[in-house]
Amino acid sequence: MKAPICEVCLKTDDILCPADEKKLQEGIISELDVKVARLLYRLIGDVDMEFKKAVEAGDLIVIVVGEGDVPVTIGKGGKNIKALMRELGKRIRVIEAVEVKGTEDIKKLATDLLYPAGVFGVNIVYKPGGGTYYKVLVLGRDRKKLPEKAEVLESILSQITGSEVKINFI
């Protein structure tokens, strides 16, 4: 399993090697990343999959994994996710990582995260004082289908993409 921390740190509890400790201090990885990586390793073992990061907002933790690794992470009948939910005490969504280069990449991330609500499109909005943000357009009739409050989902999308993201209903 590929993770943001080394294999030795995955197998041990409580302590991190100096290199991973430095990543944690510099904010490259978070405490949540370390916790989720260790839990996944305990559940899945040394399987060929990649855990990229975990993001938390409200009552929801989003686990970002490599391309095609969502089924392995969820597990047969959802057993891995159920174990993670018990351990972390929050709801969990697993989405595939996307390198954000434009609106299409944001749309894929938003579609995965907001499911079963449909994403109509994504626009780049230019602010008057300079700077930009992404506006994710969701159909008004899908408002009740969102897996979490819009503000929580905006926060998660912003953390994953590293850019400001707002959800608008049309």
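# Loops, sheet, helix and salt bridges

User: In the loop between which two helices is Asp-14 placed?
Analyst: Helices (H or I, at least four residues) and strands (E, at least two) are DSSP runs, numbered from the N terminus. On this basis, Asp-14 falls in the loop between α1 (7-11) and α2 (18-26).

User: Which pLDDT is required of side-chain atom pairs in this predicted model?
Analyst: Residues are numbered from 1 along each chain as its sequence is written, and side-chain values use heavy atoms, with hydrogens and water left out. The model is predicted: totals for chains, interfaces and linings use all residues, local features need pLDDT of at least 70, and side-chain atom pairs count only at pLDDT 80 or more.

User: Is Asp-14 buried or exposed?
Analyst: The phi of Asp-14 is near 75°, a positive value in a residue other than glycine. Buried means under 20% relative accessible area, exposed over 50%, and partly exposed in between (1.4 Å probe, protein chains only). Because its relative accessibility is 75%, Asp-14 counts as exposed.

User: What is the omega of the peptide bond from Tyr-115 to Pro-116?
Analyst: Pro-116 is placed in the loop between α6 (103-114) and β4 (119-126). The bond that joins Tyr-115 to Pro-116 is cis, and its omega is near 10°.

User: Which strands form the edges of the open sheet?
Analyst: Two strands pair if DSSP finds at least two bridges between them. The open sheet has 3 strands in the order β1-β2-β3, with mixed pairing. Each edge strand pairs on one side only, and these strands are β1 (51-57) and β3 (91-96).

User: Which residue in β3 stands opposite Ile-63?
Analyst: Strand β2 (residues 60-65) pairs with β3 in the parallel sense, over 6 bridges. Opposite Ile-63, in β3, stands Val-94.

User: What angle does helix α3 make with β1?
Analyst: Contact means heavy atoms within 4.5 Å. Axes are lines fitted to C-alpha atoms, for helices over the stretch in contact, and angles run from 0 to 180 degrees between N-to-C directions. Helix α3 (residues 31-44) lies across β1 and β2, and its angle to β1 is about 125°.

User: What angle does the direction of helix α5 make with that of β3?
Analyst: Helix α5 (residues 79-88) packs on the sheet and touches both β2 and β3. Its direction and that of β3 make an angle of about 130°.

User: How many of the 14 residues of α3 are buried?
Analyst: The buried residues of α3 include Leu-32, Val-36, Leu-40 and Ile-44. They pack against α1, β1, β2, α4 (70-74) and α5. The helix is largely enclosed by the rest of the structure because the buried residues number 10 of the 14.

User: What phi has Gly-45, the residue that follows α3?
Analyst: From its first C-alpha to its last, α3 reaches 20 Å, close to the 20 Å expected at 1.5 Å a residue for its 14 residues. That expected span is 1.5 Å times one less than the number of residues. After α3 comes Gly-45, with a positive phi near 85°.

User: Which side chain of opposite charge is nearest to Glu-154?
Analyst: Glu-154 lies in helix α7 (residues 150-161). Lys and Arg count as positive and Asp and Glu as negative, while His and the chain ends are not counted. A salt bridge is a side-chain nitrogen of Lys or Arg within 4 Å of a carboxyl oxygen of Asp or Glu. Glu-154 is buried yet has no salt bridge; at 5.3 Å, the nearest side chain of opposite charge is Lys-166.

User: How far apart are Glu-26 and Lys-22 in helix α2, in helical turns?
Analyst: The side chains of Glu-26 and Lys-22 meet in a salt bridge (3.5 Å, N to O). Lys-22 counts as exposed because its relative accessibility is 52%. Glu-26 and Lys-22 are 4 residues apart in α2, so their separation is about one helical turn.

User: How many residues apart in sequence are the parts that Arg-91 and Glu-148 tie together?
Analyst: The side chains of Arg-91 and Glu-148 meet in a salt bridge (2.5 Å, N to O). Arg-91 lies in strand β3 and Glu-148 in the loop between β5 (132-138) and α7, so the pair ties together parts whose separation in sequence is 57 residues.

User: Which residues are linked in a network of salt bridges?
Analyst: The structure holds 14 salt bridges. One of them joins the side chains of Lys-52 and Glu-50 (3.4 Å, N to O). The network links Lys-2, Glu-50 and Lys-52.
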